[in-house]
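Here are some short exercises to work through with the model open beside you. Try each one yourself before reading its solution.

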Amino acid sequence: MSIDFIIADRDTPFLFPPSVQEWLPQSHLARFVVDIVAQLDLSSLRGCYAGKGSRPYDPTMLLGMLFYGYATGVFSSRKLEQASYDSVTFRYLTGNQHPDHDTIAMFRKRFSEELQGLFVQILTIANEMGILKLGTVSLDGTKVHANASKHQALSWQHACKIETQLKEEVKQLWLLADQADQALLPDGMRIPEELERREKRLATIVEAKKKIEARAAERYEHDKQAYDNKLAERDKKAKGSGRKSGGKPPKPPEAGPKAHDQVNLTDEESRIMPTSGGGFMQAFNAQACVDTASLLILAAFTTQQPNDKQQIEPAIEALENLPEGLGQVNDIIADTGYFSQSIVEACEEAGINPLIAVGRDKHNQRLEDRFSEPEPVAEDADSVTKMKSRLRTPEGKAIYATRKSTVEPVFGIIKSVLGYRQFLRRGLENANAEWTLTSLAWNLKRMHVLAKLPLKILVMAACKTKSGVHGKQVGGFCYNLCLQSFSMAKMHMKREFDGWFAVSLSIVSPTGC
């Protein structure tokens, strides 16, 4: 019995030239990226081109290529170039063109500063689609590997040791060079080459020590200022109470480098940071403010400080710089690594209610502890006491509980699903631009998912989430969902009209004349 198999016919030519519009389904992420990029104001990018030399690629095409690549785990410029040949999706994005990796890498480097403006524009589009409305924000940080090995880090103690050793070896080599009888030299030794190698290493070590000394001086000035403030506060309390302050006085800071102060010879702006599972890594600390309702990243930046305690104020500043049309941030959630009294006061001054854990709660709490109401707080209580009381209320517990299901999954998907675990570029400024690009790509991926969800599922999820915490906002949230559906329908109609118009034009004038 013969079976009529469906054969892959690779030789029969097409009757008409194929159209890239036929290669992807209408709901594909690449089409969504193209639609969003088409709505961006790219005048700042286009204005940088002088119009000389060979014709440049359209910024909309290169941006769409980068956004989709980062949203699907393709980060390298060489892999992006290869995908323009191998992947049907990237052929659609580039219009069957093939920009080389140098062009892609230079475009990404040249327009790093413009990414922040595009980041805000995409948030505005999400707001117009009804997907985003500011309310509660969850803040957290994650360590991302720098483009450098921790084994290339040189500490002050080791640098001094190696410097002394190299100087002694240089002296020995000069003594050997001065001897007339060269028979004592080991086989294969060439004194000029050995001297040159050691002198280069000495120059590198001297430069590294200068950088370590500069960092130590900067740290000393910061610690000295904190020490003077503590002394002034201590004297103020002593004068107010009329008696000597109890406890030990603050310890003055020590000037100069410490034995374990170090600098990385590959990327001097990266830092050795502890990891959650134990050990250390050469990394940057990547921060993200995530909207708890939509899981969209509202602000993203990187820092050299391994501690998160000093990162809430830059996060508040970034949130305040967002357009007013996105709404107002009411609550900010963070773990105990961000807690300090000054941070709580800074949040209240910005008009944001802080919900920052002051310690780690034990697992398997007693039933009466889980559902007990906190005691009333005095009106003149300080900001930390009020925040602790709110964290013990059912509403505060419900809001804080969303932290583990918002910002943590975002980091998990970016690292484990997309595979973004290491920066490709070096330096704090370049790492910051790359993290912004990664966050922007995540937002596009998330917006595409939210735009595809059926309206009934979204309403049910909204009612389930909002009823326990913000029951009065359900109506407004449903209204935003209707706006989202209308915006997406309008976007699809525009795409269909553009495709129909292109086909009609090709029929009327096949030659394009």
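Two exercises follow, each with a worked solution.

This is a predicted model, in which local features need pLDDT of at least 70, side-chain atom pairs count only at pLDDT 80 or more, and totals for chains, interfaces and linings use all residues. Residues are numbered from 1 along each chain as its sequence is written, and side-chain values use heavy atoms, leaving out hydrogens and water.

**Exercise 1.** Describe the surroundings of Thr-438.

*Solution.* Begin with the location: Thr-438 lies in helix 16, residues 428–452 (helices are DSSP runs of H or I with at least four residues, numbered from the N terminus). Next, take the accessibility: Thr-438 counts as buried because its relative accessible area is 1%, and buried means under 20% with a 1.4 Å probe, protein chains only. Then look for a polar partner: the Thr-438 side chain reaches the backbone oxygen of Glu-434 at 2.9 Å. Finally, list the contacts (heavy atoms within 4.5 Å): leaving aside residues up to four places away in sequence, Thr-438 touches Tyr-70, Ile-414 and Tyr-420.

**Exercise 2.** Is Ile-3 buried or exposed, and where in the chain is this residue found?

*Solution.* First, place the residue: Ile-3 belongs to the segment before helix 1 (29–38). Second, classify it: Ile-3 is exposed because its relative accessibility is 58%, and exposed means over 50%.

To finish, set both residues against the whole chain: buried residues make up 39% of its 513 residues, and the chain has 18 helices.

How values were computed: Helices (H or I, at least four residues) and strands (E, at least two) are DSSP runs, numbered from the N terminus. A polar contact is a pair of N or O atoms within 3.5 Å; within protein, one must be able to donate a hydrogen and the other to accept it, and residues adjacent in sequence count only if both atoms are side-chain atoms.
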